[in-house]
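Biologist: I would like a close look at one part of this model, the largest pocket. Please take me through its lining, then through what surrounds it.

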Amino acid sequence: MAQVLFDFDHTIIDADSDHHVVGTLAPHVMRTHMETGPRRQSWPTVMSTCFEEMHREGITRSDFERVLATVDVHPALTLALRSIADQGAKLGIISAANTFFIDVILRRHDLQHLFTVDTYPAVLEGDTLRVGDYPHTEPCATCFAGDLCKGAIVRRLRSRRVVYVGDGSNDLCACFQLQSDDVALVRSEFSLAKLLADNSNRARVAAHVFYWANYDELAALLLKHSQ
C-alpha cells in the first residue's frame, strides 16, 4: 500500500480552516490581516497577529471550538480513509493550517489516529492561540519565505510510493518532488490545477496526475491508487 499524503484545507475538509474561523468570529480581522494584497510576512506570523487581536476582543477557546464543530469531513472520504488505512496505507497530513484546528476537526470525526501531521504548531496561552513556525523550514525557491515547504516535507517523509492529494498553490512544490511511479490527486478548478495547466509546471511533475471535482470522485481515486 502507498504512502498517502494530504493537504488539509479544501482537501480533507471542504473549507479553509483559518479563513473559516477568523471570517466567522471576526470578519474585520480577516479583512485587515488576511485580505490586504501581497503578503509580506510568513503565514504563522499573520495568523498569530489575527488571534492576538481576536483575544483582545474577547474571543475564547470555546468560540474557536464552536466554529470548528461546523466543519465536516465528507462521509465518502471518511469511509475511504478508514478503508485504505485498514489495508495498510500510511497516511499523513501536510498543511499550512495549525495543530489545534486540525486536531479538533479530526477528533470530532474520530480520524486523528489515522494520520501523522506536519503543520504549524499552535498552543493556547489562556484563550490566546499562538502559532509558531514549522520546525523544519527549509529555503525554497517555490515557497514563500518563512512558510513550511511541502516539497521538503515530502522528501523527508517518503518511505514508499507516494499518493499526494492537494488543491492549492502551496501544493505545487510537493508535486515537484513526486517520482514517476507516484500519483498526484489534484482538485479541479482550484489553484493547483490552474498552475498545472501551465506546461512549464506540468513538465516538472513526474507523477501520474488525476483530477477530482467532488468527494465521491476523490474517494474512488484513493481506493484505486493507494494499492
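Modeller: What follows starts at the largest pocket and works outward. Keep in mind that the model is predicted.

The largest pocket holds about 640 Å³ of space. Its lining has 26 residues. Nearest the centre of the pocket lie Arg 39, Ala 96, Gly 168, Ser 169 and Asn 170. Two elements, α1 (17-25) and α9 (191-196), give two or more residues each to this lining. By type, the lining splits into 10 nonpolar, eight polar and eight charged residues.

Take α1 next. Its buried residues include Ser 17, Asp 18, Val 21, Val 22 and Leu 25. Viewed down the helix axis, the buried residues of α1 fall within an arc of 115°, so they line one face of the helix. An α-helix has 3.6 residues a turn, so residues three or four places apart point the same way. What do the buried residues of α1 pack against? Their partners are α2, α3, α4 (61-68) and α6 (99-108).

Two of those partners return at the second largest pocket. About 180 Å³ of space lies there. The second largest pocket is lined by 13 residues. His 33, Thr 36, Arg 39, Gln 41 and Val 46 are the closest to its centre. Arg 39 is thus a link: it is also among the residues nearest the centre of the largest pocket. Both α2 (27-33) and α3 (43-56) give two or more residues to the second lining. The top contributor is α3, with three residues. This second lining divides into four nonpolar, six polar and three charged residues.

Arg 39 leads on to Phe 144. Phe 144 sits in the loop between β5 (128-131) and α7 (150-157). Leaving aside residues up to four places away in sequence, Phe 144 touches Arg 39, Arg 40, Gln 41 and Ser 42. Two of these contacts, Arg 39 and Gln 41, are among the residues closest to the centre of the second largest pocket. Is Phe 144 buried or exposed? Phe 144 is partly exposed, at a relative accessible area of 32%. Its C-alpha lies 27 Å from that of Val 71, and the two are 73 residues apart in sequence.

Now the side of α9. Tyr 211 belongs to strand β8 (residues 208-212). Beyond residues up to four places away in sequence, Tyr 211 touches Val 186, Ser 188, Ala 193, Leu 196, Glu 217 and Leu 221. Ala 193 and Leu 196 fall within α9 (191-196). Tyr 211 is partly exposed, with 38% relative accessibility. Arg 187 is 24 residues from Tyr 211 along the chain, yet their C-alpha atoms are separated by 5.6 Å.

Next, the nonpolar core. The largest one has 78 residues. Within it, Val 4 and Phe 115 touch the most other members. Not counting residues up to four places away in sequence, Phe 115 touches Phe 6, Ile 12, Leu 81, Leu 91, Gly 92, Ile 93 and Leu 106.

Last, two backbone details. Most residues other than glycine have a negative phi. His 10 has a positive phi, near 60°. His 10 is in the loop between β1 (3-6) and α1, and is partly exposed at 24% relative accessible area. Asp 110 also has a positive phi, of about 55°. The loop between α6 and β3 (115-118) holds Asp 110. Asp 110 is partly exposed, with a relative accessible area of 42%.

Methods: Residues are numbered from 1 along each chain as its sequence is written. This is a predicted model: local features need pLDDT of at least 70, side-chain atom pairs count only at pLDDT 80 or more; totals for chains, interfaces and linings use all residues. Side-chain values use heavy atoms; hydrogens and water are left out. A nonpolar core is a set of buried Ala, Val, Leu, Ile, Met, Phe, Trp, Tyr and Cys residues joined through side-chain atoms within 4.5 Å. Buried means under 20% relative accessible area, exposed over 50%, partly exposed in between (1.4 Å probe, protein chains only). Contact means heavy atoms within 4.5 Å. On a 1 Å grid over the protein atoms alone, a cavity is a set of points where a 1.4 Å probe fits but cannot get out, and a pocket is an open set with protein on both sides within 12 Å along at least five of seven lines; lining residues have an atom within 4 Å of a point. Grid points are joined across faces, edges and corners, and a volume is the space filled by probe spheres set on the points. Helices (H or I, at least four residues) and strands (E, at least two) are DSSP runs, numbered from the N terminus. Ala, Val, Leu, Ile, Met, Phe, Trp, Tyr, Cys and Pro count as nonpolar, Asp, Glu, Lys and Arg as charged, and the others, Gly among them, as polar. The arc is that of the directions from the helix axis to the C-beta atoms.
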